[in-house]
Amino acid sequence: MSVPEALPLSSDGIGVMSKTTVKDVSTVPEPRRAAAEPSKAGSSRAFALLMVITGAAGLLAAWIITLDKNKILEAKAEGTTYNPSCGLNPIVSCGSVMESAQASVFGFPNPMLGLVTYGMVVCVGVSLLTGARFPRWYWLTFNAGCLFGVGFVTWLQFQSLYRINALCLWCCLAWVATILMFWYVTSFNVRTGHLPAPGWLKRFLAEFTWVLPVTHIGIVCMLILTRWGSQLWA
């Protein structure tokens, strides 16, 4: 029968038990712990200011359109007519756009949607100015909202040019704000790796993001000029 080995003795003659190593998660190196957590990203001050400015511009347009829409409804109830200040001629006619069916596509006036969504963009921009950092899912959700916005704006542009046959200047301000917002948020997500993209595209966007919204807005302007030309100022 084998005899168990004696425990090694310490200097005071007391047996020393074998040590078992227990991993303390608090001692895991910081880079390894950070890698296990969801990555967060902030933005430059310029990007944050752009979000505040575009959101505020869209919010202003939505607010004024809402006020004019209410005045139109009040005038109708009184049996009179109200012509918004941005109604310059039969083509540049905000009233015609506001009274169209497309102006309430979701069952309520479109500007009400703008009051909420553009206000959210301002909040995001202000948060970024304070140094806030958001996880990837947040940026992708924000990008999806901007994609919906630019898609909705594109539909409204088509309706305005080829169905309603009138142009609203405040709507145009909201269009420009949304286009700028969409392209710069998308560029940010591509450059930070939130959206997968080849290296050449990341390098291009790092230097020439402005080309995309300028081209987009330029195309819209060309369509407007092609549709109406000199009638805009008649």
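Trainee: What makes the pattern of the protein α-β-α-α-α-β-α-α-α-α?

Mentor: The pattern follows from DSSP runs numbered from the N terminus, where helices are H or I runs of at least four residues and strands are E runs of at least two. Eight helices and two strands result. This is a predicted model, in which local features need pLDDT of at least 70, side-chain atom pairs count only at pLDDT 80 or more, and totals for chains, interfaces and linings use all residues. Residues are numbered from 1 along each chain as its sequence is written, and side-chain values use heavy atoms, with hydrogens and water left out.

Trainee: How do you know what span is expected of helix α4?

Mentor: The expected span is 1.5 Å times one less than the number of residues. Helix α4 (residues 110-129) has 20 residues, for which 28 Å is expected; its C-alpha span of 29 Å is close to that. Just after α4, G131 has a positive phi of about 95 degrees.

Trainee: Why is W155 called partly exposed?

Mentor: Buried means under 20% relative accessible area and exposed over 50%, with partly exposed in between (1.4 Å probe, protein chains only). W155 has 33%, and is therefore partly exposed. This residue lies in helix α5.

Trainee: Which residues of α4 are buried?

Mentor: Among them are N110, P111, G114 and Y118. The cover over the buried residues of α4 includes α2 (45-77), β2 (134-135), α5 (136-164) and α6 (169-191). In the protein, buried residues make up 38% of the 234 residues.

Technical notes: Contact = heavy atoms within 4.5 Å.
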